[in-house]
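Here is a set of short questions and answers for a first look at a protein model. Keep the structure open as you read.

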Amino acid sequence: MPKETKSIAVIGAGSWGTALAMVLADNHHEVRLWGHKKNQINEINEQHTNRKYLPEIELPAGITGYSSLGQALEGITDIILAVPTKAIRGVLGQIRELAKKPLMVVHVSKGIEPDTLLRISEMIEEEMPAELLKDVVVLSGPSHAEEVSQRHPTTVAVSSKNMAAAERIQDLFINQNFRVYTNPDIVGVEIGGALKNIIALAAGITDGLGYGDNAKAALITRGLAEISRLGTAMGANPLTFSGLAGIGDLIVTCTSIHSRNWRAGNLLGKGQNLNEVLENMGMIVEGVRTTKAAFQLAEKYSVNMPITNALYNVLFNGRNVKESVDILMNRTKTAEMEDLFNVLDSRLK
Ligand SMILES: NC(=O)c1ccc[n+]([C@@H]2O[C@H](COP(=O)([O-])OP(=O)(O)OC[C@H]3O[C@@H](n4cnc5c(N)ncnc54)[C@H](O)[C@@H]3O)[C@@H](O)[C@H]2O)c1
Ligand SMILES: O=P(O)(O)OC[C@H](O)CO
């Protein structure tokens, strides 16, 4: 299927960077996988494995590990940025110093920066000087690295302000196991991917408390309602939340054993405190910082986000998880679609 083969740098050698490097190598691209831990890069080059993040997976020969960012970027014009949201500014600062040509930056991270309330594409535009930035593309959707690395069928969406760039990235990644759709709504794609982690934490909590599938279905549905309300108020197309970056990612993250956000929530529901949980995970749990950012965004846009609000109080104000569920269930009665209709009405005025 792919026509053009290229040299591409994947920045970040955790689970997602490594799984996406495999997709690109399967498409016959020359992939440079950069990571900041030398022993991990040695393992990638000498044993063709990255066992901490993807145990039992053999990496294709087309992937070479790099511990020097300068060497990884040599002659490169396309980079895939696959580090946690909190590391993005620091990594871009290094790239800015080393890049010699304008770059196409594809980000695959799912977060919003607390306090600045910027989406990741906005952080990239802020950090990279215009002369070093060709386009920014986001790739998001229901996609656990563990399954992508086993070449199980997966679908994702790509978006950009420049749809020609999004289509080019669609072509780089698409193959028989990894189907890529375009979506012109970059705000919706980024917001859907970031906010589903909040709901997955909450779904893990209710599972940890021993509540059943009714509670999980309620969280997924009402979670989608509050993601749609905020996203629409921020300018997203509400239809995006019915797509891969919306309900698709919400379903997979709330129901999969692979989800770090769900697993972290599950431990909270079983009684561990936040510090214990994060120490035990060993991988990034984006939903914690994103809960703070979404709580701030809800205030900024005057949008009602009861699940986000409840989780914020659990994570940052020490509120008991069981009490939080009781508070959510005992709120003033309301109509199912009222708030979204109000937001849409205000958009149309
Ligand atoms: N794992 C998945 O299935 C998956 C799928 C879709 C999206 N994502 C998103 O991709 C992003 C990365 O997640 P992940 O799953 O690969 O995380 P991870 O915890 O598996 O790996 C993160 C990697 O980033 C590296 N890193 C951390 N701080 C760094 C820094 N300052 N400089 C350089 N490297 C640094 C770590 O060493 C590690 O290699 C997250 O935003 C996540 O939400 C993950
Ligand atoms: O493991 P999680 O919870 O970080 O989720 C990973 C992906 O975002 C799922 O699409």
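**The shell around the ligand**

Q: Which helices each supply at least two residues of the shell around ligand 1?
A: This is a predicted model. The shell around ligand 1 draws at least two residues from each of two helices. They are helix 1 (15-26) and helix 4 (88-98).

Q: Which helix gives the most to the shell around ligand 1?
A: The top contribution is three residues. They come from helix 1.

Q: How many charged residues does the shell around ligand 1 have?
A: Sort the shell by class. There are 12 nonpolar and 12 polar residues. The charged residues number three.

Q: Which residues come nearest to ligand 1?
A: There are 27 residues around ligand 1. Those that come nearest are Gly 14, Trp 16, Ala 87, Ser 109 and Ala 145.

**The sheet**

Q: Which strands stand at the edges of the sheet?
A: The open sheet has eight strands in the order 3-2-1-4-5-6-7-8, with mixed pairing. An edge strand has a single partner, so one of its sides is left without a neighbour in the sheet. That applies to strand 3 (63-66) and strand 8 (178-182).

Q: Which residue is the bridge partner of Ala 157 in strand 8?
A: Strand 7 (residues 154-160) and strand 8 run parallel, joined by five bridges. In strand 8, Ala 157 is partnered by Tyr 181.

Q: What angle does the direction of helix 10 make with that of strand 7?
A: Helix 10 packs on the sheet. There it touches strand 6, strand 7 and strand 8. Its direction and that of strand 7 make an angle of about 145 degrees.

**Two listed positions**

Q: Is Asp 249 buried or exposed?
A: UniProt, in an unreviewed entry, includes Asp 249 under "binding site". Asp 249 lies in helix 10 (residues 244-255). A residue needs 20 or more other C-beta atoms within 10 Å to count as buried. Asp 249 has 27, so it is buried.

Q: Which glycines does Asp 249 touch, not counting residues up to four places away in sequence?
A: The contacts of Asp 249 include Ser 140, Pro 142, Lys 196 and Leu 244. Its glycine contacts are Gly 141, Gly 192 and Gly 193.

Q: Is Arg 260 buried or exposed?
A: The unreviewed UniProt entry also lists Arg 260 for "binding site". Arg 260 is found in helix 11 (residues 260-269). Beyond four places in sequence, Arg 260 touches Met 281, Met 283, Ile 284 and Val 285. It has 22 C-beta neighbours inside 10 Å, so Arg 260 counts as buried.

Technical notes
Residues numbered from 1 in each chain as written. Chains lettered and ligands numbered in written order. Predicted model: local features only at pLDDT ≥ 70, side-chain atom pairs only at ≥ 80, totals over all residues. UniProt positions renumbered as here; feature names shortened; annotations may be inferred. Helix = DSSP H or I, 4+ residues; strand = E, 2+ residues; numbered from the N terminus. Buried ≥ 20, exposed ≤ 12 C-beta atoms within 10 Å, placed from the backbone. Contact = placed C-beta atoms within 7 Å. Pairing = 2+ DSSP bridges. Axes fitted to C-alpha atoms, helices over the stretch in contact; angles between N-to-C directions. Near = placed C-beta within 6 Å. Nonpolar A, V, L, I, M, F, W, Y, C, P; charged D, E, K, R; others polar.
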